[in-house]
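Please open the structure in a viewer and keep the sequence at hand. The tour proceeds by selections, each followed by a description of what is found there.

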Amino acid sequence: MVIFAGILFIVIGILNIVNPKFAWYLKEGWKIDGDSEPSETYIALTRFGGIFALIFGIIFFFSGIFF
């Protein structure tokens, strides 16, 4: 189960780092009509959170394999 959680965190982390606008669309974008875009601060914080998710995912994945 820890390995699955690690893989999930890794996928979410990579998605947030590579395409932070997708996370914004899933959370807020679908509610808004028109051509609204997330702010630069939101994009930066989403990428920062993606880095943490990736790190935790790697830790969970390897702790599930070795322990």
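The stops below concern a predicted model, and they go from helices to single residues and aromatic rings.

**First stop: helix 3**

Begin by selecting residues 40-66, which form helix 3. At 1.5 Å a residue, these 27 residues should span 39 Å, and the end C-alpha atoms are indeed 39 Å apart, so the expected and actual spans agree.

Next, colour Ile43, Thr46, Gly50, Ala53 and Gly57, the buried residues of helix 3. Against which helices do the buried residues of helix 3 pack? Their partners are helix 1 (2-18) and helix 2 (20-27).

In an α-helix there are 3.6 residues a turn, so residues three or four places apart point the same way.

**Second stop: helix 1 against helix 2**

Now display helix 1 together with helix 2. Two packed helices are described by the angle between their axes and the distance between the axes. Here the axes come within 5 Å and cross at roughly 105°. Helix 1 and helix 2 are therefore roughly perpendicular to each other. To see the contact, select Leu15, Asn16, Ile17 and Val18 on helix 1, then Pro20, Phe22 and Ala23 on helix 2. By class, the residues of this contact comprise six nonpolar, one polar and no charged.

**Third stop: helix 2 against helix 3**

Keep helix 2 in view and bring back helix 3. These two helices pack at an angle of about 105°, and their axes are 9 Å apart. Helix 2 is thus roughly perpendicular to helix 3. On the side of helix 2, select Pro20, Lys21, Ala23, Trp24 and Lys27; they meet Tyr42, Ile43, Thr46 and Arg47 in helix 3. The residues of the contact of helix 2 with helix 3 divide into five nonpolar, one polar and three charged.

**Fourth stop: two buried residues, Asn16 and Thr46**

Select asparagine 16, which lies in helix 1. Is asparagine 16 buried or exposed? Its relative accessible area is 15%, under the 20% limit, and asparagine 16 therefore counts as buried. Apart from neighbours within four places in sequence, asparagine 16 is in contact with Ala23, Thr46, Arg47 and Gly50.

Move from there to threonine 46, in helix 3. Threonine 46 is also buried, at a relative accessible area of 10%. If residues up to four places away in sequence are not counted, threonine 46 touches Asn16, Pro20 and Ala23.

**Fifth stop: the aromatic rings**

How many aromatic pairs does a search of the whole structure find? The search finds four aromatic pairs. A pair of aromatic rings is described by the distance of the centres and the angle of the planes.

Select phenylalanine 9 and phenylalanine 60. Their rings form an edge-to-face pair, 5.6 Å centre to centre with 75° between the planes. This pair links distant parts of the chain, since phenylalanine 9 is in helix 1 and phenylalanine 60 is in helix 3, 51 residues apart. Phenylalanine 9 is partly exposed, with a relative accessible area of 33%, and phenylalanine 60 is partly exposed at 30%.

Then select phenylalanine 62 and phenylalanine 66. The ring centres are 6.1 Å apart and the planes lie at 10°, so the pair is stacked. Because they are four residues apart in helix 3, phenylalanine 62 and phenylalanine 66 are separated by about one helical turn. Phenylalanine 62 counts as partly exposed at 42% relative accessibility, whereas phenylalanine 66 is exposed at 60%. Add Phe61 to the selection: Phe61, Phe62 and Phe66 form one aromatic cluster.

**Last stop: two distances across the chain**

Select phenylalanine 56, another residue in helix 3. Phenylalanine 56 is partly exposed, with a relative accessible area of 42%. Draw a distance from its C-alpha atom to that of alanine 5: the two residues are 51 residues apart along the chain, and their C-alpha atoms are separated by 9.5 Å.

Finally, go to serine 36, in the loop between helix 2 and helix 3. At 32% relative accessibility, serine 36 counts as partly exposed. How far apart in space are serine 36 and glycine 13? From C-alpha to C-alpha they are 24 Å apart, with their positions 23 residues apart in sequence.

Technical notes
Residues numbered from 1 in each chain as written. Predicted model: local features only at pLDDT ≥ 70, side-chain atom pairs only at ≥ 80, totals over all residues. Heavy atoms only, no water. Expected span 1.5 Å × (residues − 1). Buried < 20%, exposed > 50% of the residue type's maximum accessible area, 1.4 Å probe, protein only. Contact = heavy atoms within 4.5 Å. Axes fitted to C-alpha atoms, helices over the stretch in contact; angles between N-to-C directions. Parallel < 35°, antiparallel > 145°, perpendicular 65-115°, else oblique. Nonpolar A, V, L, I, M, F, W, Y, C, P; charged D, E, K, R; others polar. Phe/Tyr/Trp six-rings, centres within 6.5 Å; stacked < 30°, edge-to-face > 60°.
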